[in-house]
Amino acid sequence: MINNGKIQSNVVAIQQIHQQYGGVVPELASRAHQQNIVPVVHQALHMANIDKKQLSAIAFTRGPGLMGSLLVGTSFSKSLALGLGIPLIDVDHMQAHILAHFIKTEGKESPKFPFLALTISGGHTQIVKVSDYFEMEVIGQTIDDAVGEAFDKSAKILGFPYPGGPLIDKYAQEGNPKAFKFPKPKVGPLDFSFSGLKTSVLYFVEKEMDKNPDFIAENVADICASIQFTIVEYLMDKLKNAVKKTGISEIAIGGGVSANSGIRKALMDAQKKYGWTTHIPKFEYCTDNAAMIAMVGELKYKAGMFAENNVVASARMKF
Ligand code: KG4
Ligand code: ZN
């Protein structure tokens with residue numbers, strides 16, 4: 001729930017079910033969405049202390065994402081908007097990770113156009129040139145896995161539950177980032193490749209376990225710190241290339257992986273080191289959340305950008 005850039009409530013239902021399977025099972029995700037959507041909307045209204053009749057529009061995620069889950073949100077939002085007789089607004093998930101920076105937050109200034117956004121999540125890794133709220137151009141992206149997958153798949157090799165990214169981050173804090181070396185794949189200057197990283201982590205761990213079956217347990221902090229260091233350095237290399245190419249040094253990060261302490265620190269350091277202006281979202285606006293969808297909803301509402309009632313969910317969306 002949002003009112004003039006200020007978040008009134010931001011309810012997120014955590015889906016525990018995926019931990020048992022070591023990853024997101026699409027069918028289970030959509031069933032959990034179905035179970036959660038009514039209670040979550042009720043709770044959001046309750047926390048914002050308003051009645052649904054006071055709402056001026058309904059914003060929903062049209063894509064990209066898992067089709068089953070998107071269908072639940074799309075159908076529910078359409079019905080609710082129709083029932084209340086208010087406009088419906090479709091939101092692009094990746095645009096929302098970027099525009100979350102415009103949520104009014106104490107002590108934080110919104111980015112100034114044009115800026116570069118590094119969107120790093122479980123499904124995406126992109127560098128986007130943002131010239132205006134809805135004028136965005138993807139100038140670099142992953143050619144295979146997303147960075148969140150690199151974290152989660154490496155974590156799985158180490159025996160961590162899903163999603164393992166936050167756990168790698170946690171153990172990395174106590175480890176030596178230079179203990180082990182992992183390769184940084186060579187692709188185009190603004191592009192990324194992460195599929196090789198999990199393979200090199202796997203081969204490395206298998207080789208060491210042959211020599212010492214307790215290798216993971218004895219070196220978990222150093223392994224995590226080294227994986228995180230490689231990923232963060234790789235992301236920063238690409239950002240530096242993008243700044244050089246575009247001449248834009250106003251930088252914002254978004255998406256689940258922007259919660260990572262390594263990338264947050266690297267960006268803060270970049271302010272002093274390279275003179276960039278960097279924008280790092282509050283933790284609750286990093287991983288998928290309702291507030292960022294509401295923010296885009298409000299921007300579109302003010303611009304009169306509404307969805308038709310026959311709008312359909314889209315698993316792969318491009319802006
Ligand atoms: O944006 P998001 O919540 O969902 C998608 O749209 O994919 O991103 C989820 C991803 C997961 O891969 C998760 O492991 C990763 O964000 N993540 C992290 C951290 N917190 C979340 N990765 C590394 N360090 C973290 N602290
Ligand atoms: Zn996301």
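Buried means under 20% relative accessible area, exposed over 50%, and partly exposed in between, with a 1.4 Å probe and protein chains only as cover. This is a predicted model, in which local features need pLDDT of at least 70, side-chain atom pairs count only at pLDDT 80 or more, and totals for chains, interfaces and linings use all residues. Residues are numbered from 1 along each chain as its sequence is written, chains are lettered from A and ligands numbered from 1 in the order in which they are written, and side-chain values use heavy atoms, with hydrogens and water left out.

**Exercise 1. Classify Asn 4, Asn 49 and Ser 200 as buried, partly exposed or exposed, and place each in the chain.**

Step 1. Asn 4 has a relative accessible area of 44%, so it is partly exposed. Its place is the loop between β1 (2–3) and β2 (6–7). Helices (H or I, at least four residues) and strands (E, at least two) are DSSP runs numbered from the N terminus.

Step 2. Asn 49 is at 67% relative accessibility and therefore counts as exposed. Asn 49 sits in the loop between α1 (26–48) and β3.

Step 3. Ser 200 is at 17% relative accessibility, so it counts as buried. Ser 200 belongs to helix α6 (residues 195–211). Leaving aside residues up to four places away in sequence, Ser 200 touches Phe 182 and Pro 183; contact means heavy atoms within 4.5 Å.

**Exercise 2. Examine the backbone at Asn 4, Asn 49, Pro 64 and Pro 114.**

Step 1. Asn 4 is not a glycine, yet its phi is positive, about 50°. Asn 49, also a residue other than glycine, has a positive phi near 60°.

Step 2. The peptide bond between Gly 63 and Pro 64 is cis, with omega about -10°. Pro 64 lies in the loop between β3 (58–63) and α2 (67–84).

Step 3. Phe 113 and Pro 114 are also joined by a cis peptide bond, with omega near -10°. The loop that holds Pro 114 runs between α3 and β5 (115–120).

**Exercise 3. Describe the surroundings of ligand 1.**

Step 1. The shell around ligand 1 has 19 residues, and the closest are Gly 122, Asp 152, Asp 169, Asn 260 and Asp 288. A residue is near a molecule if one of its heavy atoms lies within 4 Å of it.

Step 2. By type, the shell holds five nonpolar, 11 polar and three charged residues. Here Ala, Val, Leu, Ile, Met, Phe, Trp, Tyr, Cys and Pro count as nonpolar, Asp, Glu, Lys and Arg as charged, and the others, Gly among them, as polar.

Step 3. At least two shell residues come from each of α3 (93–99), α4 (147–157) and α5 (165–172).

Step 4. Polar contacts with a ligand are pairs of N or O atoms within 3.5 Å. A polar backbone atom of Gly 122 is 2.8 Å from an oxygen atom of ligand 1, and one of Gly 123 is 3.4 Å from an oxygen atom of the ligand. A nitrogen atom of ligand 1 lies 3.0 Å from a polar side-chain atom of Asn 260. On its own, ligand 1 has 550 Å² of accessible area, and the protein covers 87% of that; such areas come from the Shrake-Rupley method with a 1.4 Å probe.

**Exercise 4. Compare the chain with a compact globule.**

Step 1. The chain has nine helices and nine strands. Its C-alpha trace spans about 65 × 45 × 30 Å along the principal axes.

Step 2. For 319 residues, a compact globule would have a radius of gyration near 20 Å, and the chain's 20 Å agrees. The radius is taken over C-alpha atoms, and the globule rule is 2.2 Å times the number of residues to the power 0.38.

Step 3. Of the 319 residues, 48% are buried.

Methods
Polar contact = N/O pair within 3.5 Å; in protein donor to acceptor, adjacent residues only side chain to side chain.
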